[in-house]
Amino acid sequence: MKAFFTNGDFFKSSTFIKISAFLFISLAFFYFGKHWSDGYQQLIFFNSHQNPLTSSQTTPTVSLSPNHNKSFDISSLIANTTTQTQTLASIPPPSDPKPLPPPPPLEVQRFGIVDENGTMTDNFEIGDFDPGVAEDWGNENTTEAVEESRAVVKKFRRCNESMREYIPCLDNVEAIRGLESTERGERFERHCPEKGKGLDCLVWFSNVPHARLVEDKGGQNWISIDKDKFKFPGGGTQFIHGADQYLDQISKMVPDIAFGQHTRVAMDVGCGVASFGAYLLSRNVLTMSVAPKDVHENQVQFALERGVPAMVAALATRRLLYPSQAFDLIHCSRCRINWTRDDGILLLEVNRVLRAGGYFAWAAQPVYKHEPLLEEQWEEMVNLTSRLCWNLVKKEGYIAIWQKPSNNSCYLSREAGTQPPLCDSEDDPDNVWYVDLKACITRLPDDGAGSNVTTWPARLHNPPDRLQSIQMDAYISRRELFKAESKYWSEIIASYVRVLHWKSYKLRNVLDMRAGFGGFAAALIEHQLDCWVLNVVPVSGPNTLPVIYDRGLLGVLHDWCEPFDTYPRTYDLLHAAGLFSIERKRCNVSSIMLEMDRILRPGGRVYIRDSVGVMDELQEIGKAMGWHVALRDTSEGPHASYRILTCDKRQLRV
């Protein structure tokens with residue numbers, strides 16, 4: 001036997017040739033199956049490399065070959081393979097390909113009301129909706145028991161059509177009917193449903209199908225209908241020549257207002273369809289347009305549909321949900337508010353949220369009409385503003401502009417007993433959640449904090465003085481925390497733009513549900529995404545709203561255990577970082593998710609960045625609402641304690 005192997009006869013035998021041919025054919029099959037099977041499934045029998053972006057499981061899976069239960073003529077396969085091998089061997093290796101030119105940059109289609117030149121347009125585009133992504137959906141809640149002690153909703157029903165504009169805390173008819181008084185506008189304030197009576201369905205209907213506002217305000221140049229589009233000419237009761245010329249007049253009256261530099265954040269009280277704020281966008285001014293949910297159909301909803309910042313809010317008996325010294329300019333044009341009633345308590349609330357040295361612009365009939373009743377109202381306004389130490393800077397035509405003092409010196413030098421008094425030194429002017437209005441003058445910080453913010457855009461990245469007054473547990477400097485948060489979100493948004501193509505999204509209205517110092521919103525501005533952000537600061541954490549406004553951003557205080565005061569379908573993107581792992585200790589997670597669905601428009605997106613421990617529950621709820629959900633790793637990798645849940649909201653059909 002040894003001689004048989006050593007004399008070379010074995011290598012000449014038919015057995016060796018057959019074995020060699022079999023091995024050659026096996027290797028050829030493997031090679032061609034793995035590398036030359038364009039358009040066909042590879043012969044994969046065992047797969048341990050699941051995509052972490054689409055599955056939370058780590059168990060390997062077994063797949064069947066595509067050739068399962070098929071028969072073949074082996075001899076023909078061998079012949080074909082041999083021929084193919086010879087043919088492939090005769091093909092010369094490819095030469096080095098020429099480098100391809102770089103792809104053209106993505107064309108970013110702008111949405112909202114400002115064109116590529118930063119100019120206000122008279123109509124608006126919110127993006128087309130593809131009816132092909134609509135999905136069939138039933139109209140009953142269905143549940144399934146997953147454990148003996150736990151049942152989950154597998155599918156939420158759609159709400160009745162009567163709820164298409166439903167705002168839970170403002171449409172609580174039962175609570176409003178039980179109010180002792182409504183003479184001060186109490187019916188326009190928050191009256192949330194009792195526990196167990198909250199939203200348990202999906203508010204799914206088309207947006208702003210209203211024409212009544214055109215009929216009510218057609219003569220005031222607010223809004224018109226051209227075929228199937230609404231147009232906003234920029235007019236109003238006082239904007240006789242349009243909002244742009246109106247803003248030019250204000251700038252000429254008081255050049256120090258300096259839109260887009262000294263004045264970055266404004267409020268428009270009784271905003272109509274928000275033409276004032278819309279036209280200020282092209283001047284680098286963010287305006288919080290506020291109005292109550294009143295008889296004119298959905299003015300705030302029209303504003304949000306245009307892509308203009310707006311909130312449903314009322315000056316009635318409670319503080320607005322904004323911090324002290326929030327706005328550089330507050331504007332009221334025919335806002336139908338009696339500023340001098342109840343010892344001026346409403347103007348005192350304006351004084352609280354107006355920045356030290358900021359301006360109040362009032363355009364109303366008492367400013368310019370010479371009638372006995374109107375002249376009396378003007379004298380009352382002048383008397384009240386004088387006692388508030390406001391300086392009447394300019395009165396021209398139908399506009400009067402006052403300036404708030406920069407410190408407390410005028411207040412302290414008033415005669416004893418002058419009304420209204422200064423608020424107690426113990427009063428926290430930033431405490432606003434269900435806090436009643438106070439008929440007193442809010443004191444300004446002795447160190448000048450709030451009045452000495454830098455001009456825009458430098459103020460976006462400068463740590464403001466009020467950063468030091470934030471009550472929070474911090475082991476390192478607040479300035480370091482501020483800078484670290486800004487860097488953190490800048491890097492994350494850069495990756496979202498690069499990998500997830502955020503600049504191609506149709507974003508305009510964005511809600512950050514746990515905003516911190518506003519780093520997420522600042523990063524969107526830094527990376528030039530064409531949108532605005534409402535920064536929500538939850539009451540369960542430190543009140544960082546003063547810092548957000550000092551940076552030149554918009555924000556509001558809110559408790560996510562209760563519904564949010566906005567119309568359905570008004571935001572394009574909801575962002576929640578670390579929210580659910582905190583709020584699940586206080587709230588029902590399903591109620592928060594249903595509220596998110598209510599305020600998110602069809603075609604909108606949700607990005608939830610949170611701990612692994614909450615993701616399974618969030619995925620279940622998202623699917624039950626009809627969202628398309630995907631779980632992604634963070635940049636820290638698959639073993640990090642955090643994940644990103646991305647969700648797309650589709651249109652549903654009953």
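**A mixed sheet, its helices and the surrounding contacts**

Strands E10 (residues 265–269) and E13 (residues 327–333) run parallel and are joined by four bridges; strands here count as paired if DSSP finds at least two bridges between them. Helices (H or I, at least four residues) and strands (E, at least two) are DSSP runs, numbered from the N terminus. The model is a predicted one, in which local features need pLDDT of at least 70 and side-chain atom pairs count only at pLDDT 80 or more, while totals for chains, interfaces and linings use all residues. Residues are numbered from 1 along each chain as its sequence is written, and side-chain values use heavy atoms, with hydrogens and water left out.

Within the E10–E13 pairing, Ala266 stands opposite Leu329 in E13. The two strands belong to an open sheet of seven, ordered E12-E11-E10-E13-E14-E16-E15, with mixed pairing. At the edges are strand E12 (310–312) and strand E15 (391–396), each of which pairs on one side only. On average, neighbouring strands of this sheet are turned by 20° against each other, direction ignored. Strands of a sheet pair through backbone hydrogen bonds, in either a parallel or an antiparallel manner.

Helix H9 (residues 299–306) packs on the sheet, where it touches strand E11 (286–291) and E12, and its direction makes about 155° with that of E12. Contact means heavy atoms within 4.5 Å. Axes are lines fitted to C-alpha atoms, for helices over the stretch in contact, and angles run from 0 to 180 degrees between N-to-C directions. Another helix, H12 (residues 372–387), lies across strand E14 (354–363), E15 and strand E16 (399–403), running at about 15° to E16.

The next topic is the interior. The largest nonpolar core has 125 residues, and Tyr322, Phe327, Trp339, Phe360, Trp502 and Phe580 are those with the most contacts inside it. A nonpolar core is a set of buried Ala, Val, Leu, Ile, Met, Phe, Trp, Tyr and Cys residues joined through side-chain atoms within 4.5 Å. Buried means under 20% relative accessible area, exposed over 50%, and partly exposed in between (1.4 Å probe, protein chains only). Another core, of 20 residues, lies apart from the largest one and includes Leu247, Val254, Ile257 and Ile399.

Phe580 leads on to helix H18. Leaving aside residues up to four places away in sequence, Phe580 touches Val589, Ile592, Met593, Met596, Ile608, Asp610, Val614 and Leu618. H18 (residues 589–599) is mostly covered, with nine of its eleven residues buried. Among the buried residues of H18 are Val589, Ile592, Met593 and Met596, and also the charged Glu595, Asp597 and Arg598. The N-terminal end of H18 is capped by Asn588, which places a side-chain oxygen 2.8 Å from the backbone nitrogen of Ser590.

Two loop residues come next. Arg190 lies in the loop between helix H5 (173–177) and helix H6 (212–217), and counts as buried because its relative accessibility is 9%. The side chain of Arg190 makes a polar contact with that of Tyr434 at 3.3 Å. A polar contact is a pair of N or O atoms within 3.5 Å; within protein, one must be able to donate a hydrogen and the other to accept it, and residues adjacent in sequence count only if both atoms are side-chain atoms. Not counting residues up to four places away in sequence, Arg190 touches several others, including Arg318, Trp433, His558 and Glu562.

Val435 lies in the loop between helix H13 (409–412) and helix H14 (478–499). Val435 has 14% relative accessibility and therefore counts as buried. Val435 and Arg318 are 117 residues apart in sequence, yet 5.6 Å apart in space, C-alpha to C-alpha. With residues up to four places away in sequence left out, Val435 touches Arg318 and Arg319.

A search of the whole structure finds 28 salt bridges, each a side-chain nitrogen of Lys or Arg within 4 Å of a carboxyl oxygen of Asp or Glu. In one of them, Glu183 pairs with Arg184, the closest N and O atoms being 2.7 Å apart. Glu183 counts as exposed because its relative accessibility is 65%, whereas Arg184, at 34%, is partly exposed. Another salt bridge joins Asp427 and Lys438, with 2.5 Å between the closest N and O atoms. Asp427 is buried, with a relative accessible area of 16%, and Lys438 is partly exposed at 35%. Asp328, Arg355, Arg459, Arg466 and Asp550 are joined into one network by salt bridges that share partners.
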